[in-house]
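Reader: Please take a close look at the empty space within this model, and describe in full what lines it. I should also be glad of an account of the surroundings of any ligand, in the same terms.

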Amino acid sequence: MNPTISEHRKWTVEPFTDSDLMSATALWNSCCGPGKLVYQPLSPEMFRTLLVDPIPGVSKINRVVRDGQRLIGYAGGTYRNQGEQGYVTIVLVDESYRRQGVGATLLRRLESDLRHLAGDRLNRFEIMFFNPVALNWIVPGTLGHDHPNSPGVDVACDGYLFLKNQGYRDIVYQNSYYQSLDHYQYPAEIQTRLQRLAGQGIHITIFDPAVHDGMEALLDDLGSDDWRQIVMANIAPDGPRHPVIIVEHDNKVCGFTGPISVQPSGRGYFAGIGIHSGYRGRGAGKVLFSALCLNLKAIGASFMTLFTGETNPARNIYEAAGFKIVRTWADMKKEVKSNEP
Ligand SMILES: CC(C)(COP(=O)(O)OP(=O)(O)OC[C@H]1O[C@@H](n2cnc3c(N)ncnc32)[C@H](O)[C@@H]1OP(=O)(O)O)[C@@H](O)C(=O)NCCC(=O)NCCS
């Protein structure tokens, strides 16, 4: 073995304790920022809430590596009770200790902890958006324009090749899209489509329960219980009545997006978007999505972020509205080998 490397191997992997909170947060923050990880910097309280505090039905694992008193590595993971997969949330190693095997040792330990928690049930380790711990990240080059979930491993970060070299394989890629709304207006192509639809008697407007009908029929057609629940609760007489934007034909609802609202960071939020199966293929989805952006801008949103699979046709809608890809993420997995400790 290379003697200079073995000299460095005086560090140990240990459970995270409360007294690690400050130094683990400092490590997190030193790994994030321009040219580094895009995750939001954290205060110790945020670190604790996100990575340490319990979530019902979920076990969180936290490990640290110490060189003497100094914390030089941190790894976090989760396991949802009865699940077949364990999630790797993050592995961080102090810059001056990289490429000495610290990260690989931490990851193996995290995997072994997950195996012990889940027993025979566990068949894979994953890094993806189903992880119950969602990492908020900041679009590079913006003033705090954020997205509340990172759907995998940022393919531009050191961790991507690290994980590949630790036996993780890409499942699919997700692209994160961003659009500033400061000067948002309909792209020329969308204007043309709007006029074409108007010629067929199809318009985009804000849903008014006194005028429009067919919302329930649309939601039935779309088949999402989540959307049904959110939209119907919102438009109920005693509901919050956040705007819902619709595609209407003779006052019948044949597409919806919303309810819309503005999050504290200025991010425009919408619960969903869908076009009735009988009205697809006419460009109504693209027009509706652009109308969503304009309406979010009108209620004070300053930007939008969203992500979708590399091969998901929905990307055409976002791209037609002018959205740009700002990050690509890999969903990754590694099969559990039954003969490992
Ligand atoms: C990714 C990270 C955790 C790796 O930690 P580390 O202690 O340097 O990793 P190790 O020394 O254990 O690396 C083990 C093997 O992984 C691979 N590897 C590690 N870093 C790599 C890199 N930047 N590029 C390519 N392969 C890499 C190599 O095969 C390496 O073995 P080798 O040094 O013999 O070639 C560390 O670079 C880091 O903290 N980066 C910033 C945070 C980050 O990106 N975290 C991942 C998000 S989950």
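**Cavity, pocket and ligand shell**

Author: The structure holds one cavity of 30 Å³ or more (on a 1 Å grid over the protein atoms alone, a set of points where a 1.4 Å probe fits but cannot get out). The model is predicted, so local features need pLDDT of at least 70 and side-chain atom pairs pLDDT 80 or more, while totals for chains, interfaces and linings use all residues. Residues are numbered from 1 along each chain as its sequence is written, and side-chain values use heavy atoms, without hydrogens and water.

The volume of the largest cavity, the space filled by probe spheres set on its points, is about 30 Å³. Its lining (residues with an atom within 4 Å of a point) consists of Leu51, Lys60, Ile61, Asn62, Tyr74, Gly76, Gly77, Thr78, Thr89 and Val133. Two strands (DSSP E, at least two residues) each supply at least two of these lining residues: strand 2 (58-67) and strand 3 (70-80). Strand 3 gives the largest share of that lining, four residues. By class, the lining of the largest cavity has four nonpolar residues, five polar ones, with Gly counted as polar, and one charged.

The second largest pocket (an open set with protein on both sides within 12 Å along at least five of seven lines) has a volume of about 700 Å³. It is lined by 28 residues, and those closest to its centre are Trp227, Phe270, Gly272, Ile273 and Tyr318. At least two lining residues come from each of strand 13 (268-275), helix 9 (284-298), strand 14 (303-309) and helix 10 (314-320) (helices are DSSP H or I, at least four residues). Strand 13 provides the largest share of this pocket lining, eight residues. The lining of the second largest pocket comprises 16 nonpolar, eight polar and four charged residues.

Around the ligand there are 19 residues (a heavy atom within 4 Å), and Val91, Val93, Gly101, Gly103 and Ala104 are the closest. An oxygen atom of the ligand lies 2.8 Å from a backbone N or O atom of Gly101. A polar backbone atom of Gln100 is 3.1 Å from a ligand oxygen atom, and an N or O atom in the side chain of Gln166 is 3.1 Å from an oxygen atom of the ligand. Of the 900 Å² of accessible area (Shrake-Rupley, 1.4 Å probe) that the ligand has on its own, the protein covers 80%. Strand 4 (85-93), helix 4 (102-118) and helix 5 (158-165) are the elements giving two or more residues to the shell. Helix 5 gives the most, five residues. The shell divides into ten nonpolar, six polar and three charged residues.

Key: A polar contact is a pair of N or O atoms within 3.5 Å; within protein, one must be able to donate a hydrogen and the other to accept it, and residues adjacent in sequence count only if both atoms are side-chain atoms.
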